[in-house]
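Open your viewer and keep the selection box handy. We will stop at a few places, one selection at a time.

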Amino acid sequence: MTETIADIIRSMDMEPADFSQGNMDVFSPIDGKKMGSVREDTVPDLKAKIGASVEAFKRWRMIPAPRRGELIRLLGEELRKNKDALSALVTAECGKILEEGKGEVQEMIDICDYAVGVSRQLYGLTIASERPGHHMREYYQPLGPIGVISAFNFPVAVWSWNTALAVVCGDPVIWKPSEKTPMTAIACQKIFDRAVENFGDDAPANLSQILIGGRDVGEAMVDDSRMALISATGSTRMGRQVAPRVAERFGRCLLELGGNNAIIVTDSADIEMAIPGIVFGSVGTAGQRCTSTRRLIVHESVYDALVPRLKKAYEGLNIGNPLIDGTLVGPLIDEASFTAMEKALDAARAEGGLVTGGGRADGVEGGYYAKPAIAEMPSQTPSMCEETFAPILYIVKYSNWQDALDIHNAVPQGLSSAVITTDVREAEHFISPEGSDCGIANVNIGTSGAEIGGAFGGEKETGGGRESGSDAWKVYMRRQTSTVNYSRELPLAQGIKFDL
Ligand code: UN1
């Protein structure tokens, strides 16, 4: 472990030794150096953790929800105290720039605040009964142990979106972080444990647990019918494996899978405003957000005003160590990502695309630092319909609004989308039933950087799940319809007479 990492860990009042005594080594994408080593869980470890989670559920579900919210308020406080250090650890482990690391921890704090409010708003319905002297109501009850599977690119926020809501809904959580980012998960677990300590006795042990390991433990968790909900974030390929396994046992799934997000830039667009939105969306987090802007559909009349400016902005990007102030693009997570990017750019060239950028960035050693690429394409080609988790921005021209919408929707994924326009008809059409088919459809902002207050997720191969804000809490609860007879008769519904 380098001294920088040890210092970050110590500044959270944690012991570097707790992050360096396992059998699984963790390497930083920044310089390829070993950051620490963590202990891998086995399938028997997992089984024991699920058993403990079931026990925790029995107690936690009976604690009043606003009291459960207090635990999440305390978690939010701990996160505030540790924001800078946790952000630095996120940056060191996944390579996003420090500013984005801070943004990610801020999302954790925001979801805690939100969930505290939700803990006093777990509401059901009252429904008119057809029978005299009867009340019909709908309740939301705690669901059970929740399994969270998260990806390397948002190593901590995705856990918090799920955990903050699950905990106020009365559910314990078992979290399997990406194998590439287990150290931030251990730090989050310790932060959660502190909130539990400050909370007092009515929090059961093992309300939140982590599961470190690879595919075997992940699959065993997915297959275990004691896990009421599996909330999985990652590639569409991963979702295709998880969803049928959970369905097989009639479990519940919340899927947050691949995106292939586009921005349509229309002839009336404010180009000055479009540029930062497009550049942040496409090169932010080195193109490794599920919401990253991957496709740009540009009206032919503004193409020449926009595309050279984008290329110029790309040339000026500061690529390098993400811990250093002023860096805008950090490394890709690993060699495989870099190879996938190069392969995708070769495919774009073979399809007639003109590629600017790509390849290793000059003067940065140790990690896989790629030059973000722009690929000007003759039309929407097959390789554009795939999600490559790297900073590639494909650009196509359009001349007719309906064509732009058709191109926009003609990919298998459906996460995020945006239109940049000053024409109110186009803007409103984009968010109409025949407009964008994505879970997120923005006007005059980019595709990434969603706030936690809205429901987050997408359609088609993105998996259909919604997490974080709005009424996403309902996924973590089971719905129960209850009819109570307060009369002295027993009338049957549907007017049925059943004389004994
Ligand atoms: C992800 O990449 O998995 O909207 C999540 C955004 C962030 C979340 C991204 N709030 O870009």
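**Stop one: around strand S6**

Start by selecting glycine 147 and isoleucine 174 of S6, which are bridge partners. Before going on, a word on the model: it is predicted, with local features needing pLDDT of at least 70 and side-chain atom pairs counting only at pLDDT 80 or more, while totals for chains, interfaces and linings use all residues. Residue numbers run from 1 along each chain as its sequence is written.

Helices (H or I, at least four residues) and strands (E, at least two) are DSSP runs, numbered from the N terminus. Now widen the selection to strand S5 (residues 146–149) and S6, which pair in the parallel sense over 4 bridges; pairing requires that DSSP finds at least two bridges between two strands. Add helix H6 (residues 157–169), and with S5 and S6 you have a right-handed β-α-β unit. Right-handed means that, with the strands pointing away from the viewer, the path from the first strand over the helix to the second runs clockwise.

On the other pairing, S6 runs parallel to strand S7 (residues 208–210) over 3 bridges, and tryptophan 175 has isoleucine 210 in S7 as its bridge partner. Helix H7 (residues 182–199) joins S6 and S7 in another right-handed β-α-β unit.

Are the two faces of S6 covered or open? Both are covered: Val173 and Trp175 on one side, and Ile174 and Lys176 on the other, are all buried. Buried means 20 or more other C-beta atoms within 10 Å of the residue's own, exposed means 12 or fewer, and partly exposed is in between, with C-beta atoms placed from the backbone.

**Stop two: an open sheet**

Next, select the 7 strands of the open sheet, in the order S12-S13-S14-S11-S10-S16-S17, with mixed pairing. Strands S12 (354–356) and S17 (440–443) are at the edges with a single partner strand each, so one side of each has no neighbour in the sheet. Zoom in on S10 (residues 261–265) and S16 (residues 416–420), which pair in the parallel sense over 4 bridges. There, isoleucine 263 stands opposite alanine 418 in S16.

**Stop three: aspartate 437**

Finally, pick aspartate 437, in the loop between helix H14 (424–430) and S17. Aspartate 437 counts as partly exposed because it has 18 C-beta neighbours inside 10 Å. Leaving aside residues up to four places away in sequence, aspartate 437 touches Asn409, Gly414 and Glu459, where contact means C-beta atoms, placed from the backbone, within 7 Å.

Technical notes. Two residues are in contact if their C-beta atoms, placed from the backbone, lie within 7 Å.
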